[in-house]
Amino acid sequence: MANRAVLIIPALDEEPAIGQTLDGVPRDLYREIIVADNGSRDRTAEIARAHGATVVTERQRGYGAACLRAIAALPKSIEAVVFMDADASDDPAEAARLLEPIYQGRADLVIGSRTLGKAEKGALEPHQVLGNRLATGIIRACYGHRYTDLGPFRAIRAEALQRLAMRDRNYGWTIEMQIKALRHKLRVVEVPVSYRRRVGVSKISGNWRASIAAGVKIIWTAFRLMAAR
């Protein structure tokens with residue numbers, strides 16, 4: 001698997017977690033690790049560089065904006081891209097599970113499902129679980145495909161990522177990718193992954209107002225994409 005993939009980690013004020021996250025990454029899986037710093041006010045970028053990551057900066061706030069900035073910095077001739085959060089909630093070693101179906105020619109997009117895997121107690125808040133069920137239920141009703149999760153830990157074939165022409169610059173990013181994957185008839189697989197309580201304070205799940213705003217954006221993105229069919 002060496003040198004066939006790149007890891008993208010969007011990060012905003014993740015000083016307490018980013019070093020731990022990068023220390024857990026199996027380096028033999030990746031040609032490069034890109035941390036997309038989303039205008040952090042702390043030492044996130046400095047620590048990421050010290051732990052061997054390439055750091056790119058996107059000052060316009062937004063999860064999707066950070067991911068798009070990192071995609072623009074991808075090296076050529078790679079086979080797959082892995083996306084993972086910076087907060088140490090995912091187990092970086094499980095990326096091999098995500099990449100295997102791609103390398104075996106069985107999948108174009110692999111979602112790490114926290115629902116199929118094992119989530120540590122308290123790692124997923126009740127409103128996260130509810131919002132996840134609502135969003136995946138909308139996709140199933142409209143497209144006939146049953147996703148179990150909108151989990152951010154995922155891998156996609158590089159050529160497929162280019163075809164999707166991702167646009168969302170905020171929290172509609174994950175659902176945009178999953179809906180567009182169905183519209184482009186990508187081969188989609190879900191694999192179980194573990195999920196831990198994050199290090200530090202969440203900007204979304206730990207804040208009800210932000211959680212509601214993110215949920216509204218996700219649902220709005222789903223209906224916008226369906227209306228554009």
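Helix α8 spans residues 208-227 and contains K217, and in this predicted model the side of the chain that K217 meets can be described residue by residue. Leaving aside residues up to four places away in sequence, K217 touches D168, N170, Y171 and G172. K217 is partly exposed, since its relative accessible area of 23% falls between the 20% limit for buried and the 50% limit for exposed. The C-alpha atom of K217 is separated by 21 Å from that of I9, a residue 208 places away along the chain.

From there the reader can turn to the interior, where the largest nonpolar core holds 39 residues, and where V81, F83, I139, I156, W173, I175 and M177 are the members with the most contacts inside it. The element that gives the most to this core is helix α7, residues 173-183, with six residues. Separate from it there is a second core, which has 31 residues and includes V35, I47, V82 and L98. Returning to the largest core, I139 is one of the residues with the most contacts inside it, and the neighbours that I139 touches, apart from those up to four places away in sequence, are G144, H145, Y147, L150, I175, I179 and L182.

Helix α3, which runs over residues 63-72, is mostly covered, with seven of its 10 residues buried. These buried residues are Y63, G64, A65, A66, C67, L68 and A70, and they pack against β1, β2 (32-37), β3 (54-57), β4 and α7. Within this group C67 counts as buried because its relative accessibility is 0%, which is under the 20% cut-off. C142, by contrast, is partly exposed, with a relative accessible area of 31%. A search for disulfides over the whole structure finds zero.

Helix α3 also takes part in the second largest pocket, in which about 250 Å³ of space lies. Both α3 and α6 (158-164) supply at least two residues each to the lining of this pocket, and the largest share of that lining, four residues, comes from α6. There are 14 lining residues, and those nearest the centre of the pocket are I71, L74, A158, L161 and Q162. Sorted by class, the lining of this second largest pocket consists of 10 nonpolar, two polar and two charged residues.

Helix α4, residues 95-103, has as its buried residues A95, L98, L99, P101, I102 and Y103. An α-helix has 3.6 residues a turn, so residues three or four places apart point the same way. The cover over the buried residues of α4 includes the strands β1 (5-11), β4 (80-83), β5 (109-113), β6 (154-157) and β7 (188-192). L98, one of the buried residues of α4, is also among the members of the second core. Just after this helix comes G105, which takes a positive phi of about 80 degrees.

Strand β5, one of those that cover α4, contains G112. G112 counts as buried because its relative accessibility is 1%, under the 20% limit. When residues up to four places away in sequence are left out, G112 touches L98, D149, G151, F153, R154, V191 and V193, so that L98 of α4 appears again in this list of contacts. The distance between the C-alpha atoms of G112 and I175, which lie 63 residues apart along the chain, is 14 Å.

Two further residues have a positive phi although neither is a glycine, namely S77, at about 60 degrees, and K185, also at about 60 degrees. S77 has its place in the loop between α3 and β4, whereas K185 lies in the loop between α7 and β7. S77 is exposed because its relative accessible area of 69% is over the 50% cut-off, and K185 is exposed on the same criterion, with a relative accessible area of 74%.

Technical notes: Residues are numbered from 1 along each chain as its sequence is written. This is a predicted model: local features need pLDDT of at least 70, side-chain atom pairs count only at pLDDT 80 or more; totals for chains, interfaces and linings use all residues. Side-chain values use heavy atoms; hydrogens and water are left out. A nonpolar core is a set of buried Ala, Val, Leu, Ile, Met, Phe, Trp, Tyr and Cys residues joined through side-chain atoms within 4.5 Å. Buried means under 20% relative accessible area, exposed over 50%, partly exposed in between (1.4 Å probe, protein chains only). Contact means heavy atoms within 4.5 Å. A disulfide is a pair of cysteine sulfur atoms within 2.5 Å. On a 1 Å grid over the protein atoms alone, a cavity is a set of points where a 1.4 Å probe fits but cannot get out, and a pocket is an open set with protein on both sides within 12 Å along at least five of seven lines; lining residues have an atom within 4 Å of a point. Grid points are joined across faces, edges and corners, and a volume is the space filled by probe spheres set on the points. Ala, Val, Leu, Ile, Met, Phe, Trp, Tyr, Cys and Pro count as nonpolar, Asp, Glu, Lys and Arg as charged, and the others, Gly among them, as polar.
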